[in-house]
Amino acid sequence: MQYISTRGQAPELGFEDVLLAGLARDGGLYLPQSWPQISRETIRSFASKPFAEIAVEVIHPFTSVAISRDALRRMADEAYASFGHPEVTPLVELSPDNYILELFHGPTLAFKDVAMQLLARLMDYVLEKRGARAMIVGATSGDTGGAAIEAFRASKRVDVVILFPGGRVSDVQRRMMTTPNEANVHAVAIDGTFDDCQALVKAMFNDHAFRDRVQLSGVNSINWARIVAQVTYYFYAAARLGAPDKSVSFSVPTGNFGDIFAGYVARRMGLGIGKLIIASNENDILPRTVETGTYEMRGVKATSSPSMDIQISSNFERYLFEASDRDSTRIRALMESLSKTKRFELGDLWPVLRSDFSAAAASEADVSECIRSIQNRHGYTLDPHTACGVVAAERLKPDGTVVTLATAHPAKFPDAIEAITGARPVLPDRLSGLMTDPERFEILPANLKSIQAYVESIAGNGGKS
């Protein structure tokens with residue numbers, strides 16, 4: 001399996017190189033040359049298989065000969081042993097044909113753990129085989145940073161720097177990044193938004209001399225391995241609910257388009273998915289694009305679901321590449337228009353988008369009402385991001401079974417939940433010290449030279465503070 005860039009001007013790479021590269025050298029995102037297929041019989045067999053076994057079946061076609069099936073199984077078993085539920089991503093039935101897929105049983109209580117715990121082991125495996133080190137620099141709107149730091153804090157071959165928007169993540173999200181005390185992990189509060197953080201990371205990847213000097217790698221959903229690891233739970237959930245003999249729809253809270261693109265990949269691999277619903281908060285750039293055919297950036301609003309307070313949905317580029325029949329020249333033009341004018345027109349890709357996805361945005365009032373309603377009707381507490389997914393599912397009413405992805409534990413947003421419900425959600429016992437442990441982080445401006453100097457100081461110091 002070889003991988004190509006959405007912008008068509010970077011070399012084809014194998015899985016190991018794509019894993020370590022993150023962003024392509026032409027600024028594009030990597031995708032496999034072709035989509036492997038999973039047969040109906042295999043999907044049917046997933047109904048009774050454990051999550052780690054399904055993960056191996058889904059992911060191994062993408063690793064090809066780079067990583068053996070046995071090695072991948074060992075890594076998957078280790079990755080998911082750290083989860084707080086034996087099913088890893090259990091389904092909860094709210095009512096007939098209405099389910100919640102709980103993706104928050106990992107060590108940092110967010111769906112990012114599902115991919116990140118495996119990604120850390122994959123990277124360590126490849127780096128050890130090569131006798132190499134890597135410097136991971138990532139941007140987070142809340143959950144990726146904690147998941148990355150938790151996953152890599154024990155690594156002997158990886159240093160991690162995570163940029164987060166200062167004052168724009170919850171206290172729990174921040175502390176998951178700032179309380180680990182290992183010398184190889186570093187959290188940096190940026191004076192700006194998530195989009196500023198993401199732009200800084202992309203600029204560092206596009207500075208090839210810097211990139212090579214520090215051995216830069218990435219774990220945001222720009223990294224293909226992150227996406228493919230998330231494909232797993234679509235197969236898991238659908239098979240548990242009767243696939244391939246029954247079609248299942250998914251409502252997906254998404255800002256950066258990575259989580260719902262994983263659902264699109266599952267569909268391309270042969271999983272019969274009904275509707276794929278893009279669920280957004282008041283930062284509704286994706287629903288507006290589906291509605292109007294114009295992708296147009298506006299200001300970022302702070303909401304109770306901060307991980308979706310985004311205007312640049314990086315993985316949308318991967319989808320546009322597929323929708324345009326892999327026309328890299330067209331993708332380069334669209335991305336240039338976005339860079340210069342903060343907008344682009346989909347043109348004939350608009351009806352393709354509307355056939356692949358539905359979309360809805362939830363206001364802050366919608367989120368509050370949904371959380372209260374679900375608690376009153378079902379005794380179940382949603383976090384604000386998941387509530388956006390439930391609002392979208394209820395508004396669009398797909399036929400048959402619908403699964404809403406629960407992307408975070410409500411205890412990650414205790415202030416918001418308490419304000420809405422009057423009750424403060426409690427962190428699991430294993431995180432009892434999180435709110436009192438000492439914090440350690442830097443505060444830096446949204447300035448490329450400042451961030452690069454900081455990263456180089458770590459790379460030149462063996463990862464030590």
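Which helix lies across β10 and β13? Keep that in mind while we set up.

What you have open is a predicted model, where local features need pLDDT of at least 70, side-chain atom pairs count only at pLDDT 80 or more, and totals for chains, interfaces and linings use all residues. Residues are numbered from 1 along each chain as its sequence is written, and side-chain values use heavy atoms, with hydrogens and water left out.

**Stop 1: the sheet**

Select β3, β4, β14, β9, β10 and β13. These six strands make an open sheet, in the order β3-β4-β14-β9-β10-β13, with mixed pairing. Helices (H or I, at least four residues) and strands (E, at least two) are DSSP runs, numbered from the N terminus, and two strands pair if DSSP finds at least two bridges between them. As background, strands of a sheet pair through backbone hydrogen bonds, either parallel or antiparallel.

Now look at the edges: β3 (91–95) and β13 (358–361) each have a single partner strand, so one side of each has no neighbour in the sheet. On average, neighbouring strands here are turned by 25 degrees against each other, direction ignored. The axes behind such angles are lines fitted to C-alpha atoms (for helices, over the stretch in contact), and angles run from 0 to 180 degrees between N-to-C directions.

Zoom in on β9 (residues 248–253) and β14 (residues 401–406), which run parallel and are joined by four bridges. Pick S251 and you'll find its bridge partner in β14 is T404.

**Stop 2: the helix across the strands**

Back to the opening question. Select residues 285–292: this is α12, which lies across β10 (273–280) and β13 and runs at about 130 degrees to β13.

Next, click F316, in helix α13. Is F316 buried or exposed? F316 is buried, because its relative accessible area is 3%; buried means under 20%, exposed over 50%, partly exposed in between (1.4 Å probe, protein chains only). Leaving aside neighbours within four places in sequence, F316 is in contact (heavy atoms within 4.5 Å) with N256, F257, L286, T289, Y295, F344 and L353. Put a distance on F316 and F257: 59 residues apart in sequence, these two are 5.8 Å apart C-alpha to C-alpha.

**Stop 3: helix α16 and a cysteine**

Select 364–378. Helix α16 has 15 residues and reaches 21 Å from its first C-alpha to its last, close to the 21 Å expected at 1.5 Å a residue; that expected span is 1.5 Å times one less than the number of residues. Its buried residues are V367, S368, C370, I371, S373 and I374, and they pack against β3, α17 (384–396) and α18 (414–421). Just after the helix comes G379, with a positive phi near 65 degrees.

Stay on C370, which is buried at a relative accessible area of 5%. Why is there no bond from C370 to C388? C388 holds the closest cysteine sulfur, but the two sulfurs are 8.4 Å apart, too far for a bond. In fact, a search of the whole structure turns up zero disulfides (a disulfide is a pair of cysteine sulfur atoms within 2.5 Å). Another cysteine to click is C197, buried at 0% relative accessible area.

**Stop 4: two crossing helices**

Show α5 (residues 112–130) and α6 (residues 143–152). Their axes come within 9 Å and cross at roughly 40 degrees. Among the residues making the contact are M116, L119, A120 and M123 of α5 and A147, A148, A151 and F152 of α6.

**Stop 5: backbone oddities**

Most residues other than glycine have a negative phi, and most peptide bonds are trans. Here are some exceptions to click through:

- A243 to P244: this peptide bond is cis, with omega near 10 degrees. P244 sits in the loop between α10 (224–240) and β9.
- R326: phi is positive, about 60 degrees, though this is not a glycine. R326 is in the loop between α13 (316–323) and α14 (328–341), and is partly exposed at 23% relative accessibility.
- K397: phi is near 45 degrees, again positive in a residue other than glycine. K397 lies in the loop between α17 and β14, and is exposed with a relative accessible area of 62%.

**Last stop: D171**

Finish in helix α7 (residues 171–178), where D171 is placed. D171 is partly exposed, at 38% relative accessibility. Not counting residues up to four places away in sequence, D171 touches D415 and M435.
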